[in-house]
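Subject: Structure handover, aromatic contacts

Hello,

Please find the structure below. My notes on it come after.

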Amino acid sequence: NAPDLAGDRNACEREPIHIPGAIQPHGVLLSIDPADWSIAQASANSADLLTMAPEDLCGRPLADLLGPDAVAELACRDLSPVFPHLHDAIPVAVATAPQRPLCCVVHRHDDRVILEFEDTAAGTAHASSEELHRKLSYGVGRIARSGDDVRDICETAVIEMHGLAGFDRTMVYRFDTDWHGEVVAEQTSGLPKRYLGHHFPASDIPAQARELYTRTLLRVIPDVDGPAIPLVPPLDPARGQPLDLSYASLRGVSPIHLQYLRNMDVRATMALSLLVGNRFWGMIVCHSATPRTVSAPLRGVCQELAEVVAARLFRRDAEHRATGFLQARNRADMLADALSESPDLVSGIERRAQMLLSWFDCTALLGRIHGKPVRCGTDATPPPALPTRRGADPVRLDDQWIAAADPVGVYITGAARADFVGAVHLPLSPDGGDYLVLGRRERVRTVVWAGVADGRDKHDLSPRASFEAWSEIVRGRSLPFDDVSHQMAVEIRRRLIDRLMLEERRSRALEL
Ligand code: BLA
């Protein structure tokens, strides 16, 4: 029943996943008009938990179902869908079936109050809340004390989340700048590790899904084969519009994505967003080979753990940048001091070329200062002959490219501006006549993609049938320059310009 999206590249991103008109079957949803606390819409399965069919519920006061006290209490609560509230379940008793313990998660969005009922007895976590919090604080401690590199943090994260949530496979999926992603950590029980190091194309998580996942941090699909339960009536009667389910934990899932998971032999998932600062950094994705319900309290602690992982990644990024920026400034000062001992800038730079090249992990230093050429490094003399992306004709870090480069500011590229290596361009005069360029060599990389090589291109829009790994050889790119290199380039350029201006002032003074 997946819509046919073949041939339409934007169709994936246009699927309005926040208004699917249906929920998943593991709970019951009511939409309430907060003006009079009457029921506007109910999911078609309402009788399962609430003993009343949607036709009997719609239009009725919510108080008939939950009693006036429960409704009065709800009316006083802050129901805005901020992250922690979303798994904050209230135990409720339905007037018509008081013996059945239910829990209810409530939020308010787009002028409707949405109530989601779940059977308290369902779900795999029968652990007490003390037990859950003990496990959570243990995990938090492990993550806070994890090593300082990203891989270490992610590995600890999957181990701890795996233990807490109990799925068969737990992964950290990290986005790249173009939104494709890589599985950077994987933990399994009973299954072999399968996806570690595999890359997936950006279209696997289309833009509107990514946007939604930055507003809600956690979502669960307990059974990919569960039927979609429509809302009754399908449109909000007062407004004639579909109900916005962005924040509903029962929100019905895109049929394309369900097919994707079936093709992966996955029966249930839980996915947690990692927001590092304001950036959607990645996700913790859990798979189960069998259906798996996750209780509201367990969802709550899993989300807290994921937030701790994101905070740990943020701290590591901040520390890394702070140390890097300090080092960049120190190096620039060191270079300026060394250059001040040289009679002229060109010979000074030539003497320190090796140091500069190693700081930037480059192999060519070229440029012109006071009209005099500078050429240092193993790739600079003779000019570097590097294979192009096409693999055929060699390209050179030459005057032609430099003339084409932006004459203002520090220019850094990871993917080659023409089609060769990355370069740091330091323009030293307003007309770009004086400059230095540091060139970085091509780094041929092997990228392992998960199952997109079966005859189609990797931007195909239907969920793929196979997840077998295949390798792509990526040429014509260097390793990217990071923010710290950029900052170092800015600092060094400023010192070089100061020095050039000093030399100019001196030579003018001599002329007088
Ligand atoms: C959603 N795609 C998702 C989600 C993940 C992935 C994690 C979040 C929902 C969930 O919890 O499962 C992708 N899952 C992955 C990846 C791995 C994984 C990369 O386990 C790696 C191990 N998907 C496609 C194509 C389309 C598409 C071609 O492959 C569109 C035509 C769509 N993916 C799609 C949509 C959603 C999605 C629409 C949102 C589902 C929803 O929330 O309703």
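The notes cover the aromatic pairs first and then the charges over rings.

This is a predicted model, in which local features need pLDDT of at least 70, side-chain atom pairs count only at pLDDT 80 or more, and totals for chains, interfaces and linings use all residues. Residues are numbered from 1 along each chain as its sequence is written, and side-chain values use heavy atoms, with hydrogens and water left out.

The whole structure has seven aromatic pairs (ring centres of Phe, Tyr or Trp, the latter by its six-membered ring, within 6.5 Å; planes under 30 degrees apart are stacked, over 60 edge-to-face, the rest tilted). One of them is Tyr 173 with Phe 200, edge-to-face at 5.8 Å centre to centre and 70° between the planes. Both residues are buried (under 20% relative accessible area; exposed is over 50%, partly exposed in between; 1.4 Å probe, protein chains only).

Trp 179 and Phe 280 form a tilted pair, with 6.3 Å between centres and 50° between planes. Trp 179 is partly exposed at 30% relative accessible area, while Phe 280 is buried at 6%. Ring pairs join these four residues with Phe 175 and Tyr 195 in a cluster.

Two arginines have the charged end over a ring (CZ of Arg, or NZ of Lys, within 6 Å of the ring centre and within 35 degrees of the ring normal). Arg 219 sits over Tyr 213, 3.6 Å from the ring centre, and Arg 292 over Phe 167 at 5.3 Å. Phe 167 is buried, at 1% relative accessibility.

Regards
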